[in-house]
Amino acid sequence: MHMQDRKKITTSKIRKMKQDGEPISVVTAYDYPSAKLAEEAGVDMILVGDSLGNVVLGYESTLPVTLDDMIYHTRAVTRAVQTTFVVTDMPFMTYHGSLDETLKQVARIMREGLSMAVKMEGGAEIAETVKAIVQAGVPVMGHIGLTPQSIYQLGGYKIQGKDQVQAERLLKDAKALQEAGAFAVVLELVTEELAAQISKELEIPTIGIGSGAGCDGQVLVFHDILQYASPLHPKKFVKTYANIGEPIREGIAQYVKEVKSRQFPAQEHVFHMDKEVIEYLYGGKKES
Ligand code: KIV
């Protein structure tokens, strides 16, 4: 099916996909071309993730990403899509102040970024906030397990849900988010067994990253699956589907070579003046 003929993906459609046992495909995108290509490829949902900080802005973590960054990039993504559901990450510390303040930040993502939903990291402790945002009419996607905004508290990129205490807490968090009205929840770097159990116990879909095939959907980072200059350390849970970094580097190197050797621009790339004008200006006919 041509993607323009596809009906718009909505939160009800996403929930129905879980009921029908149809896996939900999600990829991150941060600008117009990546979002356009993702939609043309048939992805169900685009996440404008704050991984933007790592893969687009070159930061070490997601912490420096601002609300303005998220709005700017979401705008480019939403301009590119017609039917894909777009979710935007609420960046670090933009939903931990007063409810009033949080709702203002969410409103900016929706009004200025033209997003369709927001994603927030955290479990039971943010359930009241999630509830208020949902009541204000904005769909919320939860995010538990490895939550990169708390990386310094977690002490690194560690697998979550390995022991009983963690496992019970994560299941409780997932249920609290569902109870608060979240339409889906991301499970990041959660053990496969626990992720499958959470997916079974929830009515809303789970979207896994590094959490195994028992999740209702999968999300990966655009730059990771395409080897688009993504940070170099390999990740066990990522599969490379194309290596676009290589041809891009080669293409630019060839361009540099041709500029240096004056092979580029060639005759087919230039524009000419009319003969009479050349004659007038430079042919000696000009009267002083
Ligand atoms: O920021 C992001 O891209 C994310 C996904 C990895 C789930 O949160």
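H5 and H6 are oblique to each other, a class for angles that are not under 35 degrees (roughly parallel), over 145 (roughly antiparallel) or 65 to 115 (roughly perpendicular). Welcome to a predicted model, in which local features need pLDDT of at least 70 and side-chain atom pairs count only at pLDDT 80 or more, while totals for chains, interfaces and linings use all residues. Residues are numbered from 1 along each chain as its sequence is written, and side-chain values use heavy atoms, with hydrogens and water left out. Helices (H or I, at least four residues) and strands (E, at least two) are DSSP runs, numbered from the N terminus.

**Helix H5 with helix H6**

- The axes of H5 and H6 are 10 Å apart and the packing angle is about 50°; axes here are lines fitted to C-alpha atoms, for helices over the stretch in contact, with angles from 0 to 180 degrees between N-to-C directions.
- H5 and H6 cross in a right-handed way, meaning that the near helix is turned clockwise from the far one by less than a right angle, whereas anticlockwise would be left-handed.
- On the H5 side, Leu99, Thr102, Leu103 and Val106 make the contact, and H6 brings Thr129, Ala132 and Ile133 (contact means heavy atoms within 4.5 Å).
- Five nonpolar, two polar and no charged residues form this contact of H5 with H6; Ala, Val, Leu, Ile, Met, Phe, Trp, Tyr, Cys and Pro count as nonpolar, Asp, Glu, Lys and Arg as charged, and the others, Gly among them, as polar.

**Helix H8 and its partners**

- Helix H6 (residues 127–135) and H8 have axes that come within 8 Å and cross at roughly 25°, so H6 and H8 are roughly parallel to each other.
- H6 passes H8 in a right-handed crossing, where Ala127, Val130, Lys131 and Val134 of H6 meet Ala176, Leu177 and Ala180 of H8.
- Six nonpolar residues, one charged residue and no polar ones make up the contact of H6 with H8.
- Helix H8 (residues 164–180) also meets helix H9 (residues 192–201): their axes come within 10 Å and cross at roughly 30°, and H8 and H9 are therefore roughly parallel to each other.
- The crossing of H8 past H9 is right-handed, with Ala167, Leu170, Leu171, Ala174 and Lys175 of H8 touching Leu194, Ile198 and Glu201 of H9.
- In the contact of H8 with H9 there are six nonpolar, no polar and two charged residues.

**Aromatic pairs**

- The whole structure holds three aromatic pairs, counted when the ring centres of Phe, Tyr or Trp (its six-membered ring) lie within 6.5 Å; planes under 30 degrees apart are stacked, over 60 edge-to-face and the rest tilted.
- One of them is the edge-to-face pair of Phe85 and Phe183, at 5.6 Å centre to centre with 75° between the planes.
- This pair joins distant parts of the chain, 98 residues apart: Phe85 sits in strand S3 (residues 85–89), and Phe183 in the loop between H8 and strand S6 (184–188).

**Backbone details**

- Leu114 has a positive phi of about 60° although it is not a glycine, and Leu114 lies in the loop between helix H5 (99–113) and strand S4 (117–121).
- A cis peptide bond, with omega near 0°, runs from Phe264 to Pro265; Pro265 belongs to the loop between helix H11 (245–260) and helix H12 (275–282).

**Domains**

- The protein chain divides into domain 1 (3–243) and domain 2 (248–282), with bounds from an automatic or database domain assignment.
- Between the C-alpha centres of domain 1 and domain 2 there are 46 Å.
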